[in-house]
Amino acid sequence: MHYTYFSGTEVPHLIEGYFYLSFDEEDIPFKSAILPIGLAHIFYIGTGTQKVFVNGDETLLKGLMVSGQYFRSFKFTTNSITTSIGANLHPTALHKLLNIDVSELENIHTPLAQINNTFHHKLLPIFEESKDFNELILNLNSFFFNIPLHIDKNTKQIDHAISLIREKDGLLTVLDIVNEISISQKSLEIHFKKIVGLTPGRYIRQFRFLNLMRKYFFNEIELSDLIYNYNYYDSSHFYKDFRLFMNQDFKSFFKQDYPLIKKYLKK
């Protein structure tokens, strides 16, 4: 398995980073849990096929795909030599690009053509005709930098909310956001879910958990200290969140090897 991630693109208001993921003969069959990371994705599978399993339902991944927000972990498998290349999108990017209710894509991978065929036809040649990953990044940056976006008062407020969540490392409440950006809680809930794909409470909870996991994986701090630092009441509260987000208990998860998760958390 080969995983490469490039962050710091020229369009930070849309793109968090680009990734390249490939599997060779010695890697297959490959299975992994996938973390819920609070980002939607657009990606292209040029060779082979991949699958995801969500709540017992199987989705075949092939061609140009889009994935919405996932609140919980899901399963990924491939039995073929395959490559996928794509973009991790800023939490508000999918709405800005396609002017859709992103919550309708929660827990879904689907062909981009089924969401917006015009956008699909504009984007597909960039993936098909770029000679290598570096050229693809340049071409995608140019494409996303110049494409018209759906931006209004609501998207600006939700961008502000996302910035606050990131600045506070997820250690804030929905009411903290309401007070900071002068919006009613009801309006925040409605627009956040439509533009990001999750409610603000769910997004905050997930963001906090992911940051804790990243630090735990690389031994930056003891788990007991992390639980305290990330405002969990006690260890049982954390283990409950762990089971919720990862679909398995803490001990079972760490008995297995998840190289893809480790590579993502290390980026």
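When I say that two residues are in contact, I mean that they have heavy atoms within 4.5 Å of each other. With that in mind, and remembering throughout that what we have here is a predicted model, let me begin with one residue, Asp-159, which has its place in helix α5, residues 153-167. Leaving aside residues up to four places away in sequence, Asp-159 touches His-90, Thr-92 and Lys-96, and with Thr-92 there is also a polar contact between the two side chains, at 2.7 Å.

Let me turn now to the strands, and in particular to β4, which covers residues 41-54 and pairs in the antiparallel sense with β5, residues 57-67, over 10 bridges. These two strands form a hairpin with 2 residues between them, and in that turn Asn-55 has a positive phi of about 50 degrees; beside the turn, Val-54 has Asp-57 in β5 as its bridge partner. Strand β4 also pairs with β7, residues 82-89, again in the antiparallel sense and over 6 bridges, where Tyr-44 has Ile-85 as its bridge partner. There is a further antiparallel pairing of β4 with β6, residues 74-78, over 3 bridges, and here Phe-53 stands opposite Lys-75.

Please keep Tyr-44 in mind as we come to the aromatic rings, of which a search of the whole structure finds 24 pairs. Tyr-44 and Phe-127 form a tilted pair, with 5.6 Å from centre to centre and 35 degrees between the planes, and this pair links distant parts of the chain, since Tyr-44 is in strand β4 while Phe-127 is in helix α3, residues 117-129, and the two are 83 residues apart. Both Tyr-44 and Phe-127 are buried.

A second pair, Phe-71 with Phe-245, is edge-to-face, at 5.1 Å centre to centre and with 70 degrees between the planes. Because Phe-71 lies in the loop between β5 and β6 and Phe-245 in helix α10, residues 235-246, this pair ties together parts that are 174 residues apart in sequence. Phe-71 and Phe-245 are both buried, and they belong to a cluster linked by ring pairs, which includes, among others, Phe-209, Tyr-216 and Tyr-232. Two charges also sit over rings of this cluster: the charged end of Arg-202 is over Phe-71, 4.1 Å from the ring centre, and Arg-208 lies over the face of Tyr-232, at 4.1 Å from its ring centre.

What should the 18 residues of helix α8, residues 200-217, span at 1.5 Å a residue? The expected value is 26 Å, and the end C-alpha atoms of α8 are 26 Å apart, which agrees. This helix is mostly covered, with 13 of its 18 residues buried, and it is followed by Asn-219, whose phi is positive, near 55 degrees.

I would like to finish with some backbone details, for which it helps to know that most residues other than glycine have a negative phi, and that most peptide bonds are trans. Asn-107, in the loop between α1 and β8, has a positive phi of about 65 degrees, and in Asp-169, in the loop between α5 and α6, phi is positive too, near 60 degrees. Buried would require under 20% relative accessible area, so Asp-169, at 24%, counts as partly exposed, and Asn-107 is likewise partly exposed, at 30%. Finally, a cis peptide bond, with omega about 0 degrees, joins Ile-28 and Pro-29, and Pro-29 has its place in the loop between β2 and β3.

Notes:
Residues are numbered from 1 along each chain as its sequence is written. This is a predicted model: local features need pLDDT of at least 70, side-chain atom pairs count only at pLDDT 80 or more; totals for chains, interfaces and linings use all residues. Side-chain values use heavy atoms; hydrogens and water are left out. Two strands pair if DSSP finds at least two bridges between them. Helices (H or I, at least four residues) and strands (E, at least two) are DSSP runs, numbered from the N terminus. The expected span of a helix is 1.5 Å times one less than its number of residues. Buried means under 20% relative accessible area, exposed over 50%, partly exposed in between (1.4 Å probe, protein chains only). Rings of Phe, Tyr and Trp (its six-membered ring) pair if their centres lie within 6.5 Å; planes under 30 degrees apart count as stacked, over 60 as edge-to-face and the rest as tilted. A charge sits over a ring if NZ of Lys or CZ of Arg is within 6 Å of the ring centre and within 35 degrees of the ring normal. A polar contact is a pair of N or O atoms within 3.5 Å; within protein, one must be able to donate a hydrogen and the other to accept it, and residues adjacent in sequence count only if both atoms are side-chain atoms.
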